[in-house]
Amino acid sequence: MERGLRVQAQEPVREQGEGEVNAEERWEEAGQVPVPENAFALPAEPQGHTKPASHVISLSAPSAGQVWRGSKGAYSMVISIASGKGGTGKTSVAVSLALSLETCQFLDCDVEEPNASLFLRPSIDRKISVGTLEPWIDESKCSHCGECSSICAYHAIAVFEKNVLLFPPLCHGCGGCILVCPEKAIAEGKRNIGVIEEGASNSIAFTQGILNIGEHMATPVIREMKRLIRKDMHVIIDSPPGTSCPVIESIKGSDFVLLVTEPTPFGLNDLKLAVDVVRELKIPFGVIINCDGIGDDRVKEYCQEENIPLLLSIPWSREIAEAYSRGIPAVDVFPELKGKFHSLFHGITRIIENKRACGVQLGACR
Amino acid sequence: MKLCISSTKNDLEASVDARFGRCQYFLFIDAETMNFEAIENPAFIAGGGAGVQAAQLVVNKKADVVITGNVGPNAFEALRAAGVKIVTGAQGSVKDLVEKFKKGEIEYAAASSVETHYGAGR
């Protein structure tokens, strides 16, 4: 029975006195433990700005099944789901959020191991192959000077007295070797590295990238995927884990990043790394704690100290894990969760509207 | 005959480094005179391509034989293409390995001994 989720209302605190954060809304079900009176403030807005009342963030409570359509004049948003640590529930959250919206575009950018399709079960109707630049070396023109080898930051070319060797898996496709070759012995070739699949799952426009096995460069595939981002609906991006290039490529230009973590020392450590990245990219963000109850309170304490909005806590639940293992999204098992995700979405919308009202440019990825 | 031995330190008493691409030092040793040159491996903590980088260095230094613990596939292919002979599975001190080499108590490897990223500490 103790599986109710809690959505904690977020409200940016700007002016002292008035600024006591109040958890305006919460999703309490009968018999559920009370939600602690802790909500978190957003990072401070530029000083001197007076916040219109309409931009006060509140999580109003649409009933389950009701669809949040955004406030008047709302625009469609790009929301990325990321995490430092892997296995915290990015895909679960992304899928649940997508299913809670009436319609949206879902991008599975975890191209090294895309798995959202296991839950959304889309029909695929279009495939686009993705390639990257690869040098083609004409050995008959090569003088074995070694210029290409010495400029290659990734050591993808070795040049010996009588031969030259290219290691395609190490090549990042920068084309530096082509530029420096004094003999013009290197031409611009292309290597297929993956595929993008487009389709639909009910009212969700589905896009996923699949990197070929053995390839290491995920970013070109993700970059191509993001060119397919639609302007006429909300976009949910399921990012790869970690903080490296594929993550940056996935989340950059988003309106908002949801960082999913677990309340463990590993979760906290990697959350901090992810927060550094998102702050560097200047994208508004909030945290979701998944499997709440398995660890300790240090993630909550960290969020509080850092003024990071803690938008949702999903308690650890065997039922959710079992459904997951069968490819069933959590919102399909517990329809009441949809309300919490609507509420989450609503909260994100208000944060974004607030930022935009303050003149913050967001959503550059389209 | 010029040997290249992957080494944990920059002298002949040091023990061989089990990693080729990500060893600490390369000792280039003249087997006859025992004169040697120690070079710190620039790819010690490289993200990728350490083996190819190391192979390029070995070939540029004109070594004839590489003696090491393990060699990955990229380095193996590069060394073989350049005609450098490879000994894997080496243990003990660099000095002893040179002696063994001189006595012919070594066997050349026919294939790489580990996968890529073997010595990367992950």
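Trainee: Reading along the sequence, what pattern does chain B follow?
Mentor: In this predicted model, chain B runs β-β-β-α-β-α-β-α along its sequence, and the radius of gyration of chain B is 13 Å, close to the 14 Å from the globule rule for 122 residues, so chain B is as compact as a globular protein of that length.

Trainee: How many helices and strands is that for chain B?
Mentor: Chain B has three helices and five strands, and its C-alpha atoms fill a box of roughly 35 × 25 × 25 Å when the box is taken along the principal axes.

Trainee: What share of chain B is buried?
Mentor: Of the 122 residues in chain B, 48% are buried, while the chain exposes about 5,800 Å², with carbon and sulfur atoms supplying 47% of that area.

Trainee: And the contacts in chain B, what percentage comes from residues 24 or more positions apart?
Mentor: If you take the contacts in chain B with a separation of 6 or more, 55% of them are between residues 24 or more positions apart.

Trainee: Switching to charges, how far apart are the mean positions of the positive and negative ones in chain B?
Mentor: Chain B carries 13 positive and 14 negative charges, and the mean positions of these two sets are 3 Å apart.

Trainee: Now aromatics: how many pairs are there over all chains?
Mentor: The structure holds four aromatic pairs over all chains, and one of them joins Phe106(A) and Phe206(A), whose rings are stacked at 6.0 Å centre to centre with 10 degrees between the planes.

Trainee: Where do those two, Phe106(A) and Phe206(A), lie in chain A?
Mentor: Phe106(A) belongs to strand S2, residues 104–108, and Phe206(A) to strand S7, residues 204–211, so the pair ties together parts of chain A that are 100 residues apart in sequence.

Trainee: Are these rings buried or exposed, starting with Phe106(A)?
Mentor: Phe106(A) is buried, with a relative accessible area of 0%, and Phe206(A) is buried as well, at 1%.

Trainee: Back in chain B, what sort of pair do Phe26(B) and Phe28(B) form?
Mentor: Phe26(B) and Phe28(B) form a tilted pair, with 6.4 Å from centre to centre and 40 degrees between the planes, and both of these residues are buried.

Trainee: Which residues make up the aromatic cluster with Phe26(B) and Phe28(B)?
Mentor: The cluster consists of Phe20(B), Phe26(B) and Phe28(B), so the tilted pair of Phe26(B) and Phe28(B) is worth viewing together with Phe20(B).

Notes: Residues numbered from 1 in each chain as written. Chains lettered and ligands numbered in written order. Predicted model: local features only at pLDDT ≥ 70, side-chain atom pairs only at ≥ 80, totals over all residues. Heavy atoms only, no water. Helix = DSSP H or I, 4+ residues; strand = E, 2+ residues; numbered from the N terminus. Rg over C-alpha atoms; globule rule 2.2 N^0.38 Å. Buried < 20%, exposed > 50% of the residue type's maximum accessible area, 1.4 Å probe, protein only. Contact = heavy atoms within 4.5 Å. Areas by Shrake-Rupley, 256 points an atom, 1.4 Å probe, with all protein chains shown as cover. Lys, Arg positive; Asp, Glu negative; His and termini not counted. Charge placed at Lys NZ, Arg CZ, Asp CG, Glu CD. Phe/Tyr/Trp six-rings, centres within 6.5 Å; stacked < 30°, edge-to-face > 60°.
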